[in-house]
Structure formats: C-alpha cells, structure tokens
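The following exercises concern salt bridges and the surroundings of their partners. Please work through each task with the model in view before reading its solution.

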Amino acid sequence: MAERLAPRRGEWIDRNRPLEFSFEGKKHTGFAGDTISSALWVSGRRLLGRSFKYHRPRGIFSFADHDVNVMVQDRSLLNIRADVTPLEEGQKLRAVNTVGGLKMDLGQLNNRLARFLPVGFYYKSFHKPAKLFPYYERLIRKAAGLGYVTPDEERRHWGKAYGFADVLVVGAGPSGLAAAAAAGEAGAKVVLVDENARPGGTLTYAEGANGGADGMLADLLRRVEASPNVEYRAETVASAHFEEHWVPLVHREDGMTKMRAGSVVVAGGAMEQPAVFRNNDMPGVMLGSAALRLIHRYAVKPFDKGVVLAANSDAYGVALDLLRAGVEVAAVVDLRQDGEESDLGGAVREAGVRVYTGHCVYEARAAKKGLGVGEAIIAPLDVQNNPIPSRAFEVGCDGISMSVGWAANAALLAQSGCRLGYSEDLHQFVPVELADGIFASGRVNGVYRAEDKVRDGERAGILAARHVGEGKAADVPAEVPRHPGPAPSHPYPVYDHPKGMAFVDLDEDVQLKDIKNSIQEGFDSIALVNRFATLGMGPSQGKHSNTNGIRIVARLMTKTVEETGTITSRPFFHPVPMGVLAGRSFHPARRTPMHRRHEERGAVFMRAGDWFRPEYYATPDRGREDAILDEVRAVRLGVGLIDVGTLGKLEVAGPNALELIERICTGKFAKLKVGMTRYALMTDEAGTITDDGVCARLSDEHFYLTATTSGVDALYREMTRWVKVWGLDAEVTNYSNAFAAMNLAGPLSREVLSSMTDLDLSEDAFPYLGVREGRVAGVPARVMRVGFVGELGYEVHVPADGGLHAWDAITEAGKAVGIRWFGVEAQRRLRLEKGHVIVGQDTDGLTNPWEANMGWAVKLDKPFFIGQRTLKILEKRGQEEEQRGGEDRRLIGQRTQDRKLAGFALVYGGEGPRPKECHLAIEDGEIIGRVTSIAYSEALGKVIGLAFLPADRAVGSCFQIRTDGGALVDAEVVKVPFYDPDNSRQKGGQREVTYQGGKA
Amino acid sequence: MKILNCPINGPRPVQEFVFGGELREMPDPDVATDAEWTDYVYNRNGAPGLRREWWYHLASGTWFVAERDTGTNDVKKTYLYGDEVEHG
Amino acid sequence: MEGAVVTRSPVHDALERLDPEWGRIGPTPAALHFGDPTGEDVLKERLALCDTSALKRLGVKGPNAHRWLEDQGIGVPEPANSWSYLPDGRGLIARLGRNEFLVEDGPEGTVTEGLGNTLNSGARGIYPVLRQDAAFALTGERAGEVMLQVCGVDFGSLDHEARPVVLTRVAVISAVVLPRVEEGTRTFRIWCSSSYGMYLWEELQEIMDEFGGGVVGLSALYGGG
Amino acid sequence: MPYRLIKYGLSSKHPDKRMFTEPSGLKESYDAVIIGAGGHGLAAAYYLARDYGITNVAVLEKSYIGAGGTGRNTAIIRSNYLTPEGVKFYDESIRLFKDLSNDFDLNLFYSERGHFTLAHSDSSIRTMRWRAEVNKHMGVDSEYVEPEDVKAACPPIDLTCGGDAPIMGALYHPPGAIARHDAVAWGYGAGADERGVEIHQGTEVTGIDVKNDRVVGVRTNRGYVKAPRVLSAVAGWTPSITDMIGLRTPLTVRPLQACVTEPLKPFLDKIIVSGSLHVYVSQSSRGELVMGGSTDPYELNSMRSTLEFAEGLSGHMLDLFPFLSNVKILRVWAGLCDMTPDFAPIMGRTPVEGFYIDAGWGTWGFKATPVSGKTMAQTVATDREPELIHAFRLSRFENLVLTGEKGAASVGH
C-alpha cells in the first residue's frame, strides 16, 4: 500500500487540508492540491479506468491530459479528466464506460474477444443479413460513449469576455516565463497562461534532469512578478489559434476570454511519448514525466519497484529521482546501443542500478493477482533495433517508466499556419517557418537544456514585443541552437510482438497491427489510417499517439516521416464545454413603445425576426378563433386599432430622391403628387419580388417609404449601396425604429381621429391614399390613408417616444364607439378578404410580379428599375410560348412558369376538413398548385383563400385541395377582392356591409 | 476572428460587417443581349483569388470595397467606392 | 381632448419598477434618483448604469451639415467619429462617421431646441435626422470589465484625448459608444435603437449585478436634481 | 457472432485483401477521366464500370480518397425536399443507399434514425407543411407534426428553447438516416477498383484541353492524359476546374463548419435540425454528438474553422438541450460548399462537348452520392441526361427556369 512521501519543497498539496471523496463507492482521502488521480494513486488504487473498445484495465499513463485512461463521472459532471482535475471535498466518482462497475466490468469480455474485433471490424460485419443489422446496431450503440448526460440538469452559464494583449505567451515553463518577463520588460502588455495549477513547467518536477533548477524558477518568477506589464493566468488553456491571433483562453470556472494578441509566443513545451510494446497500457506502465509529477508535485510514490525504459538523458534523471523517492530501481533498460554518456548516466551506475543498453521492454506482464504490472520482459535489440525474444529475460517490478522521447506541443503553431518539419537529428517536429507574429521557444522549438530554454524564451519574448512595436532598444539575443548532443527522442521506440496488444493509441485501443492491417487493405496514407484505424481520433486527439503512428506508417510505407506528413491539428487543444463556448449567448429582442399595453391586454405575441407583435388579444371567455373574429368584426363594423410599428420605414430625401425610388421600385412615381401615396413593389435583378410597401410624397424631394418588417434592413442596405454606385444626390435614412406606427381602421375611424388632430379629415381635404403631416393627440404625426384592411383607415406614424401617448389617446377617444385593438392575425384575414398579397407568405423565393397578379404595379415602359431587364425577357418568352400554343405547360409543383395567384372559396357546406396554408391543389393526381393563404371570412360566410394555380383557371372553375389526412375538398376560383369589390369602403364611401355571420 | 478595416471606422471584427458579394459592373440593360444579362444576374467568379468585394459596416451603415483573396482570406486593402485610397 | 403630451424613455417601465424619484426633461419623465443619493454616488464610482434617454437630442446629416452647425455657432469636432462638448459644457456633439452629427443636451440644456427651430428640411445638403435613441451611461471603475463582456472593441487602447466615438456592436446589436472620463469617473455613453432599448438595458443590468453594480438616476450623473 | 468476425478470430494473418490496388503510373489515355475521388466521383466510376462496362477510367484526386466533402459532412441522409424534382431525386438516392452495404459487402452503418426539422415561426411552419405535402404526394414518408410529437420522440429536448424561440411544430421524416460517410467513398472506390478503374491519389488536374468545343485531354501534375470524356465531381473546387475551360456557372463557395463532442452514452436517437437556430445534430454510433450549422457568412475557398462558429452553435445547442453545458466539443473542422442560387445541384452536359459537370452540392451532397453517381454515369456513358436530373441542368439559369429548392428561403441539411 503506497503512502505519501515526506513533505518536499515545492509540493503542490496542502497537507493541512484533507479532502474526503469516493471512487466506485469506496471512500478515500486526499489533500487540497491533489488531482483526482494522484489522490487515488496514493490511496493504492491502480485500476482507475477501462479502455474504450476492449475495456482493458488502465491506470495513470501520461498524467498530463495527453491520454484519457482515467475519465470519471461525478454525478451530472461527465468525462472528467481525473489526471488534471483538482480533487474536491465530497466528490462521488465513478469510472465512465464500465458495465457493472470498474472491477467486474463485463465489457472486458471484448478484451478476450479482441482477436475477433480487428481494425475496422465494424465496417466488415453486422450488415448481413440486412434484417439483423438493427439488432446489432442497438448493441453497438449501447456499448458506445463514455460518460452519460442527465437531461434534468439545468443549463450552466459562464461569462465570456473579450481580451486584448500585446503579447500572449502560452506556457509558463522556463522559456515561457523568460519570454513573458523579457516582453514585459521591453514594455509590452503581456498575458501569460499555463494549463497547470502552478508555473514552472519541467522545473517543477524534473529535479534530476535539471539539478538545482528551483533556483532558476525562483529567479524567473521574481522577474515576472516584478514586471507590472505581465498578467499571469494559471489553469488557463490556450485552446486554439484562429485568424489574426485570436486565441480562446479557457478556464474551468471563469469561462472563456477571447484573447486578441498582437503577437503570440508558443512555449508549450513537449509532450512525452510512450514506447510501443505488448501490454504497454497496463496499470503501472507510465511515462517518466508522469512518475516525476507524482513524486515532486504530489509526494506520491509512483511504484515501489520499477524498471526504467530509457532512450534519453531524462530517463536517468527519472531513475535518480525515483531512487531519492525511495523507489527500488530494478533496472534501467536503454534502447540505445551505447547508452547514456552524460554524468547522469554515471550517477545512475554509481547508485548501483543495473543498466541494460541496447535492450527493450518486450512485454509487460500482469502480477499474479491484480491487474497491474508484475514483471517486465526485457529483450536485447539487434543492430536494426529489432528485439531478440529468444534471449529475453524477466525482471520483477510493479512499475515501468518510459522516457523514450518527446513530441513538440505544436498545435497552436500548426493552426496559426507555421510550417513544421521533422528534424532527423532530434526525431521530432520543429517549426521551420513561422507565421507572422508567431514565435516559438523552448522544447517546442527543439531546445531542451534549462538554461538554453531561458535564453530561447528571452529571444522570443523580445521579438514578440518588437512585433508590436515595443522594446526596439533591447538587443535581441542570438539564436539558441537546437539541442546539441544525443537526441532527446528515439527514432522508433516500437517493438512488435506476435501476440499483439502493443498499443499506439490508448484512447481508441489502436494496436500496432491495426496500422499494419490498414495499410495492407490499401489505406496507405497517414490521413486514411487516421480515419480507418481511428488513430488519433479519440478524446486526447493523438497527443500520445500521432508521433508513433506517423513513424509506423512511414516505416511501413518506406518513406521518411517528413514525406509521410502529419495529422491536421484541429481546434480545440483540450476540448471545451459547450456552456463555456456559448457564454451568455445573447438573444436580442425588439419591442414597440406600446409593448407594455399589449402585455396588459393579454396579447398573445408572435416573433417577427427580433420583434414581438401581438397575434391577437386573448379574452377570458373567448377562444383564439372567436377572439380573432371579434377583432375582424370590430374593424368591419366599427373601428379597430393595430400597432404596425414594426413596419419598415425609410426616409428618402434630396434632389435625386425621386430618381432613386424610380430605379428601386417597379412602378412610376414621377407623377405622384405631393401629399399622396402609391403602392410600391420591389424586385431583385432576377425579377423576383423582394418587398413591397407604400411610397408617400411629402414634398418634391422628400419621400417616406414603408416596407415589410423583415425586408426593410436589406432594402435599406441595397438602396444606400445603389446611391453610391449610381452617384445619386439622395439621403436614405432608416426610420423603422424612430417612428411608432398604428393603423386606425374601420367606418368609425374618422370620427375617432377627428377628435384629436389638427388635420382636416374631410374627404376632399384628406382623400383616400393621401398623406398629411400634423398633430395627433399633440404629437407630431404623419398620417396616411391606406386601404390594406379594406376600410376607411388612417395609418398614424409618430416619433417612437410619443407612440404610447398617441396610442393611449386614440384608445381613450375610441372608447365611446367601442374601439377594439386587433392583432396581426385579424389584419391578415381583413387583407385576405381584400385579396391583398403578403410578400413572403403569398410569394416564395421565385415569384415574379405577374405570378402574384401584380403586373399592374410593374412598368416595363419606364427607363429602368432593378429587375426590369429580366422581366422583359420573361415577358418576351411568355409571348413566344403563347404563340407556340402553350404546349409543354404542365405545372410541376411550384416550379411552373405560368402559375398565378388566384382567389378561391371552399364550396363545401357545413363541416369538413379545413385546408391549411401550403396544402396542395390537386388535379388528376397531379400537383397543380398550392394554397398560400386561407381563412374563414365571417363577412362572406365562407372559407376563402389565395392559391397558386395554373394561369388559365377562369373564375368559376373548380379544383381540389388535399387536406391533412389526404381528404380532397372542392374549391371554386372566385374574383378578388372577395369583399367590397370596388373598394368603395376604404375610399370612404358608405356602402352597406352585407355581413353574413354564422360559421363554416 | 477575422478583422476588416473599415475606411471610416477602422479595424473591426468581421461580425460587425455584412458581406455584399463581388463588385460587378452592371451591363447596360438596353444594350446587353439576353445571354449577357442572365450571365450578369446569375453567374459568379467562385474560384479562389483576389477579388473586389462589397462590405457593409452595420453600426455605421458604411458600404466600402475590400480587395480580398478568397483563397487565403487575406484582405489586401479597403477603400470607399470610387476612391481607391488604401486603408491597410 | 389634447392632453399634455408625455413622451417616454424606451426603458421607462424598467425604471418605474425601481420606483425612482421622478423629474422631467421637457415632456419626458426622467428618473433622478433611486433611493439615497450618497449611495448612488458610491455606486457611480464602482459600477453603475444610468438611463439618459430623456435627454434632448437632435440629429443632422448631409454634405453641408458640418457648415450649417458652425453657422449656428456649434464647435464641430473635426475628425470623423469624434466628439466635443457643446458651448454650455454639459451637452455634447458627436460626429458619426463623416457627415452625420448627434447633438445631445445636458438635462437643462437648450441647444437642440434652438437648432431644431432653425433646421428646415428644405435646405440643400442638410438633412434632419429624427433621433429616437435608447441612451445609457455605464460608469465606474468596473465599467470597462462590463464592456468587455458585451463588446469586441479594445477601449483601453483608444486615445481618450482624441475624444473617440465608436460605432460598433454591443451585446450583438448596433450601438454608438462614447468612452470618456466625467469628473474623474470612467464612463461609457451608449446609444442604441429605441426598439432594442429594453433588451440592452436588461442585459447590462444582469451583467452589472454580477460585477456588483447598480442603477443610478440622472442626477447622480449630472448632479443637482 | 457474425461469421466475418469469427474468420478474423481463426485466421492467424489479417484475412482482408487490399481495397485499393497499389498506385501505378498514369496511362496515356482513358475512355473517361473523372476529376475527384470523393463519393460522387467514385460512385460515377463504379456505375460506369458496373452498368456500362466502361472500365478504362481514371479517377484523379489531388489529395486522398474522400478528402473533401465526403469525409467532412455530418452524414445525414434524407429525401424530404421541397420540389417534386428534388424529392424524386433524393428518394432514389435513399433507395440505392439501402442496398449499398450488400453491394459492397461493407457495413456503411446506414442507420434510420428519423429526422425532425423544427419550426420556430409561423412562416417556417408553412414551409414545413409545404414540404410535407409535396413529399407525401411523391410517396415519401414525411409529415408535419406538433411540438408534443417532437417531445414524445425526443424527450430531452426543451420545447421552449430557453423561452426565446419556442418550437411551434416540425417536419418529421422517419426515413431520415445517418451513415459512415468515409465508408461510402471506400465502398464505391473498392468496387470501381475491383472492376479495373484506376484511382490516382495525389494527382492534381492543372488544365483541361479543349479542341473546337470538345474535350480532348487533361493535364496533371503527373503528366498529360488523353480523354474524350471528362466528368468534374469536385464540389467546392468546381469553379477552379470550370475556369480551366472558360465555363461560367453561378457557383459561389462558402465554408460549412461542423464539430463533434466527446463520446457520450446514447441519449439522442433522432436527427434534429433547426433552420432558424442554425443547428443540426445527431449522435453517432461511437456516442459523439455530430453537429453542424449554416454556411459561413461570406464567401471563402479555404477550410479554416472559426471560434464564432463554435460559440454560435453551442449557444443554439443549449437552447435545445440546456443540460449539455458541461459536454465538451472535441474537434471543429470545415468543408467547402459550392452554393447555387436555387439550392439545387448542377448536373449534366455542358456547352463543351464531352465535359460533364456534377456540382452545386452546397450542403446537401453526401445524401445524393449514389443517385448522382448513377445518373452521371448514365450521362457520361450515353451523352444524354436521364429525366431524373433534367431540372438540374446548368442551362436553367440562362433560361430563367430555376428549381426553387430554396422555397421561401428555408435552410436545412
């Protein structure tokens, strides 16, 4: 049973703060400062997780979030990476992805069956016979996944801030600290981040390797603290590099800072890489750096008796640190024929440790009882680096540490567009061409000795500061040569075994033989192996597997590593929670000045873009349909008031104002008199209807143009762009927000309005389609007589801040005559009775004006308007087709070239299925059209609507509409407007209404 | 995040802008053949390369021209329509 | 039945819920104080949000707007997107882009009224712009942090001597931001479309609560009241 | 346990032979050259060889098999389109998809999950019903459903979407499926390879030779090959190819980004799409959530990814599934979409004799892989377009007869 080592200088744990937690139901204690894994390891737990595919037993491996052997769940918190997640009081932890618990995991059956589940096996099976696949699939889906989600969990909100720095330094190891200090001293505003709880990097654990290093660390920290320009952020991950030095900095608790840096120093160091041999994934087999972190940061003994697999000096540092920690080092097994020549090598030998040079660990074997290492099988290597199993021997141990090489932590470099090359001296990728404003230092740059790293950091820091124009004075230290002497990395620490289980990627249980087989099947490039064998696809994104994977592919393809290439490094470096990325996720909402009144009156709102609009006003005793009919009736028989403030409203003024409108709208406006309005229709260059509204002429050079709620922003943008292109002297202003607007409609509207305005509302003074400027309820107003709903009506536009006042005043004045507020739905029905088209509902993405029966609004004989040229072509083709006698005019859905919007009424008496908008018109089993609007009209006592139908359908002809459930109902084409055909009512005539009442 | 340099408002994140498509000369509708006109209406230059594009700064309502390489997303320069003065 | 006209701030309802001490600027009710004025002064130094929508505003644009303003005796800020104080030292004039101007009076200012009377739409190259903004002030040491939560502009890097005006996005909607120091207090003046006023007010208030700020009245900002 | 797996267990050596033969040199001439070894190109090669016996074919790929859209899409398959032409076409694709695993003897994991397209506004409700009606008319299983039905089929979903844009209804399409996208390309590739088609990876087309409006050959970084027939099946890279012969098209190119989360235990059975929230999501058989959004807001021919995408997508995902706050996004990537004005593809012959185009695949190319392969093979073999793709001819733009898949401008993948 392992226990804590004696207190040591610089340890990260607080022995005065013990924490209770449980793992797989068993209680344990650790200290504040522990990670979950260190606390479990010190408690003697060795089996900490199960692998994804074979459910093999797993323990601490990289202990740096470069593998996901130890992924746990704490209630609703899932996929916690235990190696690097702080221990907390009361955590209730379970390993993810086990069937019936970690120890007895039934999933380990897959391990026994491993030989039956080779690379890509799921592509090769389960599909025959086809009818069985769904059954297999259910099993496979059940087996998938790691942690589980808890759907009743509430959304967690993180803040999210923008951040700005001259220089961002990623990594607070020796070179990062030096870079930050140097840049700061040069006068640059520096942000320094490191994903670890404390700064120092290798200086906080590799004691043997850099003897007396903590003196160096102390100095560097002093310098950084001394510089007011440097802000250091611990436990913060630089998660990616996006365009223009845009780097999300992610903190588990504080959320994300979207950092924009002038320049970036990447000092992320290197990630230690494993050796590949049989059972190299067994609990107790770990990277040398993992063992060191356990010892120095957490005072945890990694194992009692260990074998050190070596291919560089670091290994000997590990051996010495192990000895100091009281670990018996059974052997150092050095892959290199001539072993370690440095003093470290000597020191290890002096300590009486048996060193085997030119040997490898050929296999790890489990202890008799238990799932951890029991012995290492050691085999000599021939000169080609191949093991000689016949001469293998075994050494008893409960741990194997691997120090065979490193991979540059170059994700950010790659994402920023730096070119990386494989150094055959160092056997690692190093930057060969840096992107603009990006600098690399330390091990990522191939610089390994502590003092060299500091010098390299100084250099990068000063260059980074200069890039943003700081510290011109400071002289740049000379280039620091890449690591001299024997390479820190072995070129090919990969040892095959006939029985397999030599793992390259632990996340995905990818074995050496899987890569061989992929290539045998023709997936003979790193990209295809990556996809077929899922190499590097797992949660740690190849941090511990890509390097060996590429080497293996290169070897098998007899190419160099350089030729073989790399696996694209994609965001994110460590995965980021969706809640952190989402941050506050703003949801903008637009309200009219009358919004509060609508709420008070029980309006049921509907969204139109960001706008809230009352669909109708709910009344306690009436349902939706009745409430809407009441509103419609009020407008037809009395007076109603609707908030139309969301309408688009554009001010067009200047000498060329008229010219601009003529070119944007399809109609003619030159003869439009001051004080009058005219319908305005807009098309795009393809002749498709894009928007419509009313154009009011306030003076010769001053127009007020309304547009649809959803269309106005685009229309405004286009108009301002054309003003530039055409060089017109006109100003367009978007007043959609500045003006509140309401439509007072109904036979009694004049009576209501007259009581509160200085305008003369008499028919001659203010005729139909007139526009006047005056005061309404004391508020300066633009009033237009429009006929959209087909009654006498006044659209009143007032400055937004006076909107509520005017609304209240009109409502008050209307009380006497029973004024009623009406919503969008009632308005839709009122205009439908008039056969008016709603752009976007009765038109689609391809509708031209003729199809929408709006040919009358299109003037092809005027000089120009957007879309005119295309419409001329269409007109010409139409005539040609006419002459061809219109054969080949079969209507296909809505892709017809000669469809037209037609009014129709249902002919059924009494009850029956009611067609809905977008139900189809059917004839001889073919689609001949589509309903675009439909509603019950109380005025007419009928269900009426608009539909796209073949152009030749005459009034009185019948067709059928297929309703929900497939029943066909009969409809008859009728003339529009359905109601008040000669529009006398909106023109102020007092024609009697025939109001049918009753219901369909 | 991509930065665009608005000639009036200076460098801003690309979300402050609306993309207005390639800057294209409208053929004279009275002279152009039907084929030339429909080519103008529908056909585009989709291949990567340096292009003059319309961009619109939402908050200020500023239209301007950006010379952007659609292969690399590098913006060579930006200027107001009709004035080719460089703005970075 | 023409009662006295009452115009309202876009966030009038939100202010009302906090039961302020009301005053008036012209026809517009303005919240002068929320509770104890000294408390507001403390908030204002730390972090506070103030509705300034009630202040009188006038907009004018066009190629000749610049000259016209000078003819009216208004010192016009020269560079595009900059601002300066009105002669009374309380109000301000902001140049939006090159040819558009936003004039805003202090609580008791009369400049906009004077201009409004002489501004007629007929004049060549001068176009009045109806301003109907939601206008807020965000003040205090932590105001900068709040802005970093909602806006991608690096205000820290701007030269405040040059009196910059920034047309940008705040909480993903378009807005005009004027960063300045008022009597030693860090302040961001923000103008956005009135229809978004309530939305932006609520977003800013929510974030301010996290940062320990609060709402203050117009008097806290301008004194008096 | 399936026989195939037992075979693995019992054989000492890995029993599978190469799916793709060893790379060789280019021949001097081919009966047909297909540019692009993505799903579409390889499918066309497969059907050319299988159905028309045309095997002297080279597929030229500048990168590796399936490197483009094939390996980058989110593998959603559906046929609930808006136009009858679209519905017929994609429905045929689904029919073919279902047999592929057997044709190839390769498990594509074709998995019918059921596909919901959510409506958050009355206008999108109209579009959903419109699609449903056209689909049903064409015999495609597709129905407009109410929010309760969405909840019943997908209990974890938040119908209120955080209160902001409530779900008001949806289009339900039971046949909506997902599949292993890489395997589709591999299957077609292996099948074509088996029949003698040559697949040349790392072979970039640098020019196309045309003599009196007729294709005669193709220049590549590995030399010149004669070919009387050339099919361009390179989706997002099409404009560069068409420029080589001066062919004008309406195509513009935008990146479409996608991402996956860490593997989770299965909780999401259905494919959920929301046009207005710019989200589509399904859970793979590995347990990852595979998610995408809408194309980037401006044209770009590079596959960089952006933080804005991940931020926006996450926000919208949490509107639908608030409990996913702690779920981590593992990987973000991008593909290139060649967009058309009417959201329908461009397929068939061109003014240049012998040059055939298969493009305009925007965000909807993967689901069309089999049917585009089949119809383009027929077009190349017979120099005539099958009726199924008449609506997709390039000439429709000049003729002002668009196909209107965009409808009232609604998005979906």
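**Exercise 1.** Find the side chain that Arg223(A) meets in a salt bridge, and place both partners.

*Solution.* Arg223(A) pairs with Glu185(A) at 2.8 Å, N to O, where a salt bridge is a side-chain nitrogen of Lys or Arg within 4 Å of a carboxyl oxygen of Asp or Glu. The pair links distant parts of the chain, 38 residues apart, with Arg223(A) in helix 6 (residues 213–226) and Glu185(A) in helix 5 (residues 174–185) of chain A; helices (H or I, at least four residues) and strands (E, at least two) are DSSP runs, numbered from the N terminus. Arg223(A) is partly exposed at a relative accessible area of 25%, and Glu185(A) is partly exposed at 47%, given that buried means under 20% relative accessible area, exposed over 50% and partly exposed in between (1.4 Å probe, protein chains only).

The model is predicted, so local features need pLDDT of at least 70 and side-chain atom pairs count only at pLDDT 80 or more, while totals for chains, interfaces and linings use all residues. Residues are numbered from 1 along each chain as its sequence is written, chains are lettered from A and ligands numbered from 1 in the order in which they are written, and side-chain values use heavy atoms, leaving out hydrogens and water.

**Exercise 2.** Decide whether Asp65(A) and Arg81(A) are buried or exposed, and describe their contact.

*Solution.* The closest N and O atoms of this salt bridge are 2.8 Å apart. Asp65(A) lies in the loop between strand 4 (57–58) and strand 5 (71–74) of chain A, and Arg81(A) in strand 6 (residues 77–81). Both residues are buried.
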